[in-house]
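This report introduces a structure to a reader who has not met it before. It deals with a helix, a disulfide and a pocket.

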Amino acid sequence: MTTATTRRSGGDRRISPVFIGILAVAAVAGWATWTGYAQRPGIAVFLFVTAAWVVSLCLHEYAHARTALHSGDITIGAKGYLTLNPLKYTHALLSIVLPVLFVIMGGIGLPGGAVFIERGRIRGRGRLSLISAAGPLTNALFAVVCTAPFWLHALDGVPMVFRFALAFLALLQVTAALLNLLPVPGLDGYGVLEPWLPHGVKRQVEAFPMFGLLIVFALLWIPSLNIAFFGLIHDILRGLGVDSAYSDCGYWLYRFWNGTPEVCTVSP
């Protein structure tokens, strides 16, 4: 019985072919963006950024799951969360489809909740908070990786279109980290605070998590809030060496069906 359980656990932690396929799409589309192989660079940018964004969503949820496993929830492996397979998530619609639609509609990176944690198995409130924080921290790390060529001044010889795509992908990661840390039910920021709240408060808001994503997205359609939020995002990106013109061009190339400003298609 012990041996059978061990084998099952190992299988449940093997990287999923689905994730490998998504990673392959990101790699091929990134190559097409870099080399200019695609006749319409916007399509290559769209595929590269979308696939890389889904990869980051998988890593976001994996971070939650891995942290939960080390905090006491030994059921995580059996649920398939450690395989990086997005089809194993509790709410594939909230975790993959909606975040991709948010990017397409408004260039907003906002992951959704997906992994079910058996909270009764977790040892201590601090660990519960850490599990929630692990996802946004993964996005922050992803943003650092995406912006590293900019703040390390290592962009000599890198095609302009690829720079634009990388800058836009970095913008998505920064927005994901910041938005998901908001103390709104349904987002990880609330998950960080929830273990420390009075029981009465938690009962009052327990019906709202499913609407948290949509409420935040709707608020960002208010012009004044949108301008203030993206002003903050661009300030952070500038601090990481990314000019706002780069992420803007990445956004326009990504939404290729709307047409791309000429300045965004000019090579150095």
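A residue is called buried when its relative accessible area is under 20%, and exposed when that area is over 50%. Cys58, at 0% relative accessibility, therefore counts as buried. The model discussed here is a predicted one.

The same cut-off applies to further cysteines, which the table sets out with their computed values.

| Residue | Relative accessible area | Class |
|---|---|---|
| Cys58 | 0% | buried |
| Cys146 | 4% | buried |
| Cys249 | 8% | buried |
| Cys264 | 2% | buried |

**The disulfide**

A disulfide is a covalent bond between the sulfur atoms of two cysteines. The structure holds one such link. Its partners are Cys249 and Cys264, with an S to S distance of 2.1 Å. The pair ties together distant parts of the chain: Cys249 belongs to helix α11, while Cys264 sits in the segment after α11, and 15 residues separate them. The angle about the S-S bond is -70°, and the link of Cys249 and Cys264 is left-handed. Cys249 is buried at 8%, and Cys264 is buried at 2%.

**Helix α11**

Helix α11 spans residues 244-254. At its N-terminal end, Asp243 acts as a cap, with a side-chain oxygen 2.7 Å from the backbone nitrogen of Ala245. Within the helix, the residues Tyr246, Ser247, Cys249, Gly250, Leu253 and Tyr254 are buried. These buried residues lie on the same side of α11, because they cover an arc of only 160° around the axis. In general, an α-helix has 3.6 residues a turn, so residues three or four places apart point the same way. Cys249, one of the buried residues of α11, is also the residue through which the helix takes part in the disulfide.

**The second largest pocket**

Helix α11 also contributes to the second largest pocket, where it supplies the largest share of the lining, four residues. This pocket holds about 270 Å³ of space. Besides α11, the elements that give two or more residues to its lining are α4 (92-106), α6 (160-180) and α10 (223-239). In total, 15 residues line the pocket, and those nearest its centre are Gly106, Gly107, Asn226, Phe230 and Tyr251. By class, the lining comprises nine nonpolar, five polar and one charged residues.

Taken together, α11 carries one partner of the disulfide and gives four residues to the lining of the second largest pocket.

Note on methods
Residues are numbered from 1 along each chain as its sequence is written. This is a predicted model: local features need pLDDT of at least 70, side-chain atom pairs count only at pLDDT 80 or more; totals for chains, interfaces and linings use all residues. Side-chain values use heavy atoms; hydrogens and water are left out. Buried means under 20% relative accessible area, exposed over 50%, partly exposed in between (1.4 Å probe, protein chains only). The arc is that of the directions from the helix axis to the C-beta atoms. A polar contact is a pair of N or O atoms within 3.5 Å; within protein, one must be able to donate a hydrogen and the other to accept it, and residues adjacent in sequence count only if both atoms are side-chain atoms. A disulfide is a pair of cysteine sulfur atoms within 2.5 Å. On a 1 Å grid over the protein atoms alone, a cavity is a set of points where a 1.4 Å probe fits but cannot get out, and a pocket is an open set with protein on both sides within 12 Å along at least five of seven lines; lining residues have an atom within 4 Å of a point. Grid points are joined across faces, edges and corners, and a volume is the space filled by probe spheres set on the points. Ala, Val, Leu, Ile, Met, Phe, Trp, Tyr, Cys and Pro count as nonpolar, Asp, Glu, Lys and Arg as charged, and the others, Gly among them, as polar.
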